[in-house]
Amino acid sequence: TGNQWGYGKDDGPSAWNKNYPVADGDRQSPIDILPHQARHDPNLGPIVLNYDRCTSINIANNGHSVVVEFEDSDDRSVIQGGPLDNPYRLKQFHFHWGGKGCHGSEHTVEGNSYASELHLVHWNAVKFKTFGEAASAPDGLAVLGIFRSDEHRWLHMITDALYTVKFKGSVTDFKGFNPKCLLPSSLHYWTYLGSLTTPPLHESVTWIVVKEPMIVSEKQLGKFRTLVFTGEEEDERTRMENNFRPPQLLKGRTVRSSN
Ligand SMILES: NS(=O)(=O)c1ccc(NC(=S)OCCc2ccsc2)cc1
Ligand SMILES: [Zn+2]
């Protein structure tokens with residue numbers, strides 16, 4: 001069907017511009033970050049995460065990644081500060097990863113990629129009524145990107161649940177998980193204006209990429225690769241890996257750095 005997209009040879013990132021012309025737009029993500037060319041901005045305050053009353057709902061395999069959804073009917077879990085003018089509500093988090101532990105992150109730093117990248121997706125509920133509306137507005141979303149390089153003590157709560165969402169379309173309850181435990185100690189970051197890194201590729205994201213990677217083990221990463229892109233009812237079992245978009249052109253954008 002028209003909107004079918006993936007990470008394979010025929011339906012992968014190089015083919016997305018056929019159905020989503022914005023793929024060749026002026027603020028696409030991810031990008032390669034060059035720390036020495038980032039402009040240090042003393043007005044950029046710290047990122048503030050209020051996740052203590054967050055309510056996770058479920059964990060799901062959507063055929064592109066594994067996603068944990070949150071209750072977003074009020075401001076119980078928000079990100080604010082940094083480049084953001086107001087609080088943005090946590091909607092979901094998901095991951096991108098590689099095969100055999102080499103590449104996998106979407107953003108790269110001086111051409112170097114990490115094994116994986118965690119995205120915490122938030123939307124501007126002050127200006128917009130729904131996520132869908134915010135997702136297509138220039139200041140609608142804020143995504144916190146966290147690199148994942150090698151053992152992480154809390155990640156077992158996610159990796160232990162992955163077997164329950166092996167197939168595309170599977171969803172299971174996943175309550176009481178606070179994603180704060182997935183974050184590194186320091187939240188120094190780079191920030192720039194970009195887009196969703198998967199179709200519909202809306203240019204609606206203020207990206208906040210944390211500099212310090214979190215540690216995950218090869219064993220934990222291996223558990224992500226037990227997921228498959230395909231549904232239980234389908235014949236083939238296509239292992240879910242390499243679900244990352246390569247870096248896109250900067251097209252004159254400035255990347256700013258917190259202290
Ligand atoms: N990888 S990413 O963080 O840029 C990212 C985040 C969200 C999404 N898309 C979501 S949450 O879509 C939900 C359905 C929807 C509604 C309006 S546009 C898409 C895609 C990519
Ligand atoms: Zn993502």
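The legends below describe close-up views of a predicted model, in which local features need pLDDT of at least 70, side-chain atom pairs count only at pLDDT 80 or more, and totals for chains, interfaces and linings use all residues. Residues are numbered from 1 along each chain as its sequence is written, chains are lettered from A and ligands numbered from 1 in the order in which they are written, and side-chain values use heavy atoms, with hydrogens and water left out.

**View 1. Coordination of the zinc ion (ligand 2) by H94, H96 and H119.** The coordinating atoms are NE2 of H94, NE2 of H96 and ND1 of H119, at 2.0 Å. Donors are N, O and S atoms within 2.8 Å of the metal (3.2 Å for Na, K and Ca); water is not among the atoms, so sites may look incomplete. The angles among the four donor atoms run from 98 to 115 degrees, and the site is tetrahedral (four donors with all angles between 85 and 135 degrees). For four tetrahedral donors the ideal angle is 109.5 degrees.

**View 2. Sequence and strand setting of the zinc donor residues.** The donor residues follow the spacing H-x1-H-x22-H. H96 belongs to strand β7 (residues 88-97) and H119 to strand β9 (residues 116-123), so the pair ties together parts that are 23 residues apart in sequence. Strands are DSSP runs of E with at least two residues, numbered from the N terminus. H96 counts as buried at 2% relative accessibility, and H119 counts as buried at 1%. Buried means under 20% relative accessible area, exposed over 50%, and partly exposed in between (1.4 Å probe, protein chains only).

**View 3. Surroundings of ligand 1.** Of the 16 residues around ligand 1, those that come nearest are Q92, H94, L196, T197 and T198 (near: a heavy atom within 4 Å). A polar side-chain atom of T197 is 2.8 Å from a nitrogen atom of ligand 1. For H96 the corresponding distance to a nitrogen atom of ligand 1 is 3.3 Å. On its own, ligand 1 has 520 Å² of accessible area, of which the protein covers 75% (Shrake-Rupley method, 1.4 Å probe).

**View 4. Salt bridges of R89 and R76.** The whole structure contains ten salt bridges, each a side-chain nitrogen of Lys or Arg within 4 Å of a carboxyl oxygen of Asp or Glu. R76 pairs with D74, with the closest N and O atoms 3.0 Å apart. R89 and D75 meet at 2.6 Å, N to O. R89 lies in strand β7 and D75 in the loop between β5 (66-70) and β6 (78-81), so this pair ties together parts that are 14 residues apart in sequence. R89 is buried at 15% relative accessible area, whereas D75 is partly exposed at 43%.

Conventions: Four donors count as tetrahedral if all angles lie between 85 and 135 degrees; four count as square planar and six as octahedral if opposite donors are over 155 degrees apart and all others between 65 and 115; anything else is irregular. Helices (H or I, at least four residues) and strands (E, at least two) are DSSP runs, numbered from the N terminus. A polar contact is a pair of N or O atoms within 3.5 Å; within protein, one must be able to donate a hydrogen and the other to accept it, and residues adjacent in sequence count only if both atoms are side-chain atoms.
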